[in-house]
Amino acid sequence: TYTNRELVARQIDQYRQLLLDVEEALERVEDGTYGICLGSGEPIPIRRLDAIPWARYTIDYQEKLEQGLVID
């Protein structure tokens with residue numbers, strides 16, 4: 001049905017974005033910037049990287065992004 005197709009399409013988009021995020025994290029490993037917040041330049045805590053290895057930002061900076069207090 002149409003609803004199932006929408007769900008599958010949404011899942012494909014989510015997986016595609018996850019793949020892009022992981023590929024970007026691998027690029028940061030290669031260029032030596034992995035684990036550094038792309039917004040603030042501060043180190044991303046290991047606990048966050050353990051939970052989300054492709055994290056681009058510290059939790060504080062991520063929250064500011066989500067609140068619209070900073071621009072990506």
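This passage describes the helices, salt bridges, surface patches and loop contacts of the structure shown above, which is a predicted model.

Helix 1 covers residues 2–31. It has 30 residues. From its first C-alpha to its last, helix 1 reaches 43 Å. This span is close to the 44 Å expected at 1.5 Å a residue. Asp21, Ala25 and Arg28 are buried in helix 1. Just after helix 1 comes Gly32, which takes a positive phi of about 85°. Further along the chain lie helix 2 (46–51) and helix 3 (59–66).

The structure holds 3 salt bridges. In general, side chains of opposite charge can pair when their charged atoms come close. One of the salt bridges joins Asp13 to Arg16. Their closest N and O atoms are 3.2 Å apart. Asp13 and Arg16 are both in helix 1, 3 residues apart, so about one helical turn separates them. Asp13 counts as partly exposed because its relative accessibility is 46%.

Arg56 takes part in a salt bridge with Asp21, with the closest N and O atoms 2.9 Å apart. This pair links distant parts of the chain. Arg56 sits in the loop between helix 2 and helix 3, whereas Asp21 belongs to helix 1. The two residues are 35 residues apart. Asp21 has a relative accessibility of 14%, so it counts as buried. The cut-off for a buried residue is under 20% relative accessible area. Arg56, by contrast, is partly exposed, because its relative accessible area is 24%.

Arg56 also forms a salt bridge with Glu24. Here the closest N and O atoms are 2.6 Å apart. Glu24 lies in helix 1 and Arg56 in the loop between helix 2 and helix 3, so this pair ties together parts that are 32 residues apart in sequence. Glu24 has a relative accessible area of 31% and is therefore partly exposed. Asp21, Glu24 and Arg56 are thus linked in a network of salt bridges.

Two surface patches were also identified, one nonpolar and one negative. The nonpolar patch is made by Tyr15, Leu18, Val22, Leu26 and Val29. Its area is about 450 Å². Leu18, one of these residues, is found in helix 1. The relative accessibility of Leu18 is 32%, so Leu18 counts as partly exposed. To join a patch, a residue needs over 30% relative accessible area and no salt bridge.

Glu23, Glu27, Glu30 and Asp31 form the negative surface patch. Asp31 is placed in helix 1. With 52% relative accessibility, Asp31 counts as exposed. The cut-off for an exposed residue is over 50%.

Several C-alpha distances relate parts of the chain that are separated in sequence. Gly39 lies in the loop between helix 1 and helix 2. Its relative accessible area of 35% makes Gly39 partly exposed. Gly39 and Thr58 are 19 residues apart in sequence. In space, their C-alpha atoms are 8.4 Å apart. Gly39 can also be paired with Ile71, which is 32 residues away along the chain. The C-alpha atoms of Gly39 and Ile71 are separated by 8.8 Å. Ile71 belongs to the segment after helix 3. Ile71 counts as exposed, because its relative accessibility is 79%.

Pro45 is likewise in the loop between helix 1 and helix 2. Pro45 has 45% relative accessibility and so counts as partly exposed. Pro45 and Tyr57 are 12 residues apart along the chain. A distance of 9.7 Å separates their C-alpha atoms.

Technical notes:
Residues are numbered from 1 along each chain as its sequence is written. This is a predicted model: local features need pLDDT of at least 70, side-chain atom pairs count only at pLDDT 80 or more; totals for chains, interfaces and linings use all residues. Side-chain values use heavy atoms; hydrogens and water are left out. Patches are made of residues with over 30% relative accessible area and no salt bridge: like charges are joined within 9 Å, nonpolar side chains (Val, Leu, Ile, Met, Phe, Trp, Tyr) within 5 Å. Accessible areas come from the Shrake-Rupley method with a 1.4 Å probe; for residues, only the protein chains shown count as cover. A salt bridge is a side-chain nitrogen of Lys or Arg within 4 Å of a carboxyl oxygen of Asp or Glu. Helices (H or I, at least four residues) and strands (E, at least two) are DSSP runs, numbered from the N terminus. Buried means under 20% relative accessible area, exposed over 50%, partly exposed in between (1.4 Å probe, protein chains only). The expected span of a helix is 1.5 Å times one less than its number of residues. Lys and Arg count as positive and Asp and Glu as negative; His and the chain ends are not counted. The place of a charge is taken as NZ of Lys, CZ of Arg, CG of Asp or CD of Glu.
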